[in-house]
Amino acid sequence: MPISFTCPHCGKQTSVADQYAGQSGPCAGCGQKITIPGLVSAEAVEPVYAPPARSSGSGMIIALVVGACLFGVLVCGGVLVALLLPAVQSAREAARRAQCSNHLKQIALAFHNYHDVYGTFPPAYIPDEDGQPKHSWRILILPFLEQSHIYDEYDFDEPWNSPHNLAVTNQAIPAYTCPSTPGGMPGSTETSYMVITGPSTVFDGDKACKLSEILDGTSNTLMVVEVFGTQVNWAEPQDLDASTITYPLGSPGGNSPASRHPGGLMVALCDGAVRFISNDTAPQTFHALMTKAGQERIRPGF
């Protein structure tokens, strides 16, 4: 295989036999000494591979893809939370309402156990020497709510808000607080439950009522109703006056049965049943429920 080479001095191109590879001699063109280059085998030459060209925008594309994925995850997560939140809140309210119903059942049972012992329901209050409310029915039924230790410490010779009695009643009674009220957390001393007082009701001031006197039927007569926003201590002898009940029901802090349950409130009837009634209950229907012997006709289911 001939070797072609170029003289580095004069540029003359020359071809010689491969047997002269590596030998030196004069250039045929200029006479300068040159060395004939040797043969280079194809196996000895390592191929050089150029790295693939990197696109300047590839990093940005990757970042955009990752960012889009993260954004999608966040959006999907936000939508999922938005969808689940109402369900979670609804489940929590259902649990609070069930607990409130249980509190009223405990109170209603305490009323009936009181009646079994004394022959009457407790009066709305025990009066002082001037006929003013001195002790609440919520004090009187404590032994029937497994709170005898508080009842035994309470001094009936002193008013409910005497220093001694305030120290005793500063303890929370779980059955007297609805968990849905703003003050419904454990440790609250605000009452969520009151009776309705008045001459035609079951709780006519300091007069005790017998079951036999409820001529309208115990399933059609109110015993205890929910209230909220009144800031009334559970031991305070204060309840709702039937003559000043305001409508529609559900107004917080006023002289109206109310609750934090959406759309209505829980009540206990004189037969011990607990019902949920709407804030839109007609005034005449609610008035009929307040009276014990009014002989009013009440639509089944209210």
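Is Lys292 buried or exposed? Lys292 is buried, with a relative accessible area of 16%. The views below come from a predicted model.

**View 1. A salt bridge joins Lys292 and Glu213.**
The closest N and O atoms of Lys292 and Glu213 are 3.6 Å apart. This pair links distant parts of the chain, with the two positions 79 residues apart in numbering. Lys292 sits in the segment after H5. Glu213 sits in the loop between E8 and E9. The two partners fall into separate classes of accessibility. Lys292 is buried at 16% relative accessible area, whereas Glu213 is partly exposed at 32%.

**View 2. Glu93 and Arg96 pair within helix H1.**
The structure holds four salt bridges, and one of them is formed by Glu93 and Arg96. Their closest N and O atoms are 3.4 Å apart. The two residues are three places apart in H1, so about one helical turn separates them. An α-helix has 3.6 residues a turn, so residues three or four places apart point the same way. Glu93 counts as buried, at 13% relative accessibility. Arg96 counts as partly exposed, at 30%.

**View 3. Lys207 forms a salt bridge with Asp204.**
The closest N and O atoms of this pair are 3.6 Å apart. Lys207 is exposed, with a relative accessible area of 52%. Side chains of opposite charge can pair when their charged atoms come close.

**View 4. The largest nonpolar core has 37 residues.**
Ile107, Phe111, Ile141, Tyr176, Met223, Val224 and Trp234 touch the most other members. Helix H1 (58-118), helix H2 (137-140), strand E9 (222-226) and strand E11 (264-269) each give two or more residues to this core. H1 gives the most, with seven residues. Apart from this core lies another, of 17 residues. Its members include Met194, Val232, Ile245 and Phe286. In soluble globular proteins, nonpolar side chains tend to be buried together.

**View 5. Met223 is in contact with residues from several parts of the sequence.**
Neighbours within four places in sequence are left aside here. The contacts of Met223 include Ala108, Phe111 and His112. Phe121, Val195 and Phe203 also touch Met223. Ala268, Leu269 and Cys270 complete the list.

**View 6. Four strands form an open sheet.**
The strand order is E7-E9-E11-E12, and the pairing is antiparallel. E7 (193-194) and E12 (274-278) stand at the edges. Each has a single partner strand, so one side of each is left without a neighbour in the sheet. Two bridges join E7 to E9. Tyr193 has Glu226 of E9 as its bridge partner.

**View 7. Helix H5 (residues 283-290) has four named buried residues: Phe286, Ala288, Leu289 and Met290.**
What covers these buried residues includes strand E8 (196-197), E9 and E12. Phe286 is also one of the members of the 17-residue core.

**View 8. E5 and E6 form a hairpin.**
Strand E5 (residues 125-127) and strand E6 (residues 133-136) pair in the antiparallel sense over three bridges. Ile126 has His135 of E6 as its bridge partner. Five residues lie between the strands. Gly131 in the turn has a positive phi of about 85°. Ser136 is found in E6 and is buried, with a relative accessible area of 0%. Beyond residues up to four places away in sequence, Ser136 touches Ala124, Trp234, Ala235, Glu236 and Pro237.

**View 9. Cys100 and Cys178 are in no disulfide.**
The structure holds zero disulfides. For Cys100, the nearest cysteine sulfur is that of Cys178, 3.7 Å away. A disulfide here requires sulfur atoms within 2.5 Å, so this pair does not count as one. Cys100 is buried, with a relative accessible area of 0%. Cys178 is buried too, also at 0%.

**View 10. Gln23 lies in the loop between strand E2 (13-16) and strand E3 (24-26).**
Gln23 is partly exposed, with a relative accessible area of 41%. Setting aside residues up to four places away in sequence, Gln23 touches Ile34, Thr35 and Ile36. The C-alpha atoms of Gln23 and Pro37 are separated by 7.9 Å. These two residues are 14 residues apart along the chain.

**View 11. Residues 40-50 have pLDDT below 50.**
Beyond near neighbours in sequence, this stretch has one contact in the model. The mean pLDDT of the chain is 84, and 81% of its residues reach 70 or more.

Key. Residues numbered from 1 in each chain as written. Predicted model: local features only at pLDDT ≥ 70, side-chain atom pairs only at ≥ 80, totals over all residues. Heavy atoms only, no water. Core = buried A, V, L, I, M, F, W, Y, C linked by side-chain atoms within 4.5 Å. Buried < 20%, exposed > 50% of the residue type's maximum accessible area, 1.4 Å probe, protein only. Contact = heavy atoms within 4.5 Å. Pairing = 2+ DSSP bridges. pLDDT = per-residue confidence, 0-100. Salt bridge = Lys/Arg side-chain N within 4 Å of Asp/Glu carboxyl O.
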